[in-house]
Amino acid sequence: MSRTNLPDKRVNQFHPGQVWETSRGGLWRVERIENGQAVFRQGFDGRGRIKRKEWDDVLNWVLYYDPDYDDELPKEQVVT
């Protein structure tokens with residue numbers, strides 16, 4: 001995914017379907033936004049445990065995958 005063509009709002013706040021990488025290297029998929037919080041599921045496929053975080057608290061997190069701006073999985077991601 002080329003991050004140069006993403007609008008600021010896509011990388012400055014969480015959106016459903018996105019996958020974010022934490023500062024420790026964990027992957028979290030945004031499931032939904034409710035009551036001002038992003039609801040995440042652990043893992044690229046979003047099948048792990050649930051976590052909540054403020055919808056715009058992206059500090060130290062890096063956008064790993066955005067389905068609205070990429071038609072394919074990241075090259076380093078292997079799905080079985």
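This passage walks through the fold of a predicted model, from its sheet to its aromatic rings and turns.

Confidence comes first. The protein chain has a mean pLDDT of 86, and 82% of its residues reach 70 or more. Among the elements of the chain, strand β3 comes out highest, with a mean pLDDT of 97, while helix α1, covering residues 8-11, has the lowest mean at 84. Where pLDDT is low, the predicted coordinates should not be read in detail.

The sheet is a good place to start looking. It is an open sheet of 5 strands, and reading across it gives the order β4-β3-β2-β1-β5, with antiparallel pairing. Strands β4 (50-54) and β5 stand at the edges; each has a single partner strand, so one side of each is left without a neighbour in the sheet. From one strand to the next, the twist averages 40 degrees.

Going through the pairings one at a time, strand β2 (residues 27-34) runs antiparallel to β3, and 6 bridges join the two. One point to find on screen is Trp28, whose bridge partner in β3 is Gln42. Strands β2 and β3 form a hairpin with 2 residues between them. On to the next pair: β3, made up of residues 37-42, meets β4 in the antiparallel sense over 5 bridges. Gln37 has Glu54 as its bridge partner in β4, and Arg41 has Ile50 as its partner in that strand.

Two loops hold residues with a backbone angle worth a look. Asn35 sits in the loop between β2 and β3, and it has a positive phi of about 55 degrees although it is not a glycine. Asn35 is also exposed, because its relative accessible area is 78% and the cut-off for exposed is over 50%. Asn60, in the loop between β4 and β5, likewise has a positive phi, near 70 degrees, and is a residue other than glycine. With 55% relative accessibility, Asn60 counts as exposed.

The aromatic side chains come next. The count is 6 aromatic pairs. In one of them, the rings of Phe14 and Trp20 have centres 4.9 Å apart and planes at 80 degrees, so the pair is edge-to-face. Both Phe14 and Trp20 are buried. Another edge-to-face pair is formed by Phe44 and Tyr64, with 6.1 Å from centre to centre and 80 degrees between the planes. This pair links distant parts of the chain: Phe44 is in the loop between β3 and β4, Tyr64 is in strand β5, and the two are 20 residues apart. Phe44 is buried at a relative accessible area of 9%, and Tyr64 is buried at 12%. Ring pairs also link Phe14, Trp20, Phe40 and Trp61 into a cluster.

Charged side chains turn up over some of the rings. Arg29 lies over the face of Phe44, 5.4 Å from the ring centre. Lys51 is placed over the face of Trp28, at 5.3 Å from the ring centre; Trp28 is the residue already met as the bridge partner of Gln42.

Lys53 is another lysine to pick out, this time in strand β4. Lysine or not, Lys53 counts as buried, because its relative accessibility is 14% and buried means under 20%. Leaving aside neighbours within four places in sequence, Lys53 is in contact with Phe14, Gln37, Ala38, Phe40 and Trp61. Of these contacts, Phe14, Phe40 and Trp61 also belong to the ring cluster that includes Trp20.

Finally, there is Leu63 in strand β5, which spans residues 62-65. Leu63 is buried, with a relative accessible area of 3%. In sequence, Leu63 and Leu27 are 36 residues apart; in space, the C-alpha to C-alpha distance between them is 9.6 Å. Strand β5, where Leu63 lies, is also home to Tyr64, the partner of Phe44 in the edge-to-face pair described above.

Definitions and conventions. Residues are numbered from 1 along each chain as its sequence is written. Side-chain values use heavy atoms; hydrogens and water are left out. Helices (H or I, at least four residues) and strands (E, at least two) are DSSP runs, numbered from the N terminus. Buried means under 20% relative accessible area, exposed over 50%, partly exposed in between (1.4 Å probe, protein chains only). Two strands pair if DSSP finds at least two bridges between them. Axes are lines fitted to C-alpha atoms, for helices over the stretch in contact, and angles run from 0 to 180 degrees between N-to-C directions. Rings of Phe, Tyr and Trp (its six-membered ring) pair if their centres lie within 6.5 Å; planes under 30 degrees apart count as stacked, over 60 as edge-to-face and the rest as tilted. A charge sits over a ring if NZ of Lys or CZ of Arg is within 6 Å of the ring centre and within 35 degrees of the ring normal. pLDDT is the predictor's confidence in each residue, from 0 to 100. Contact means heavy atoms within 4.5 Å.
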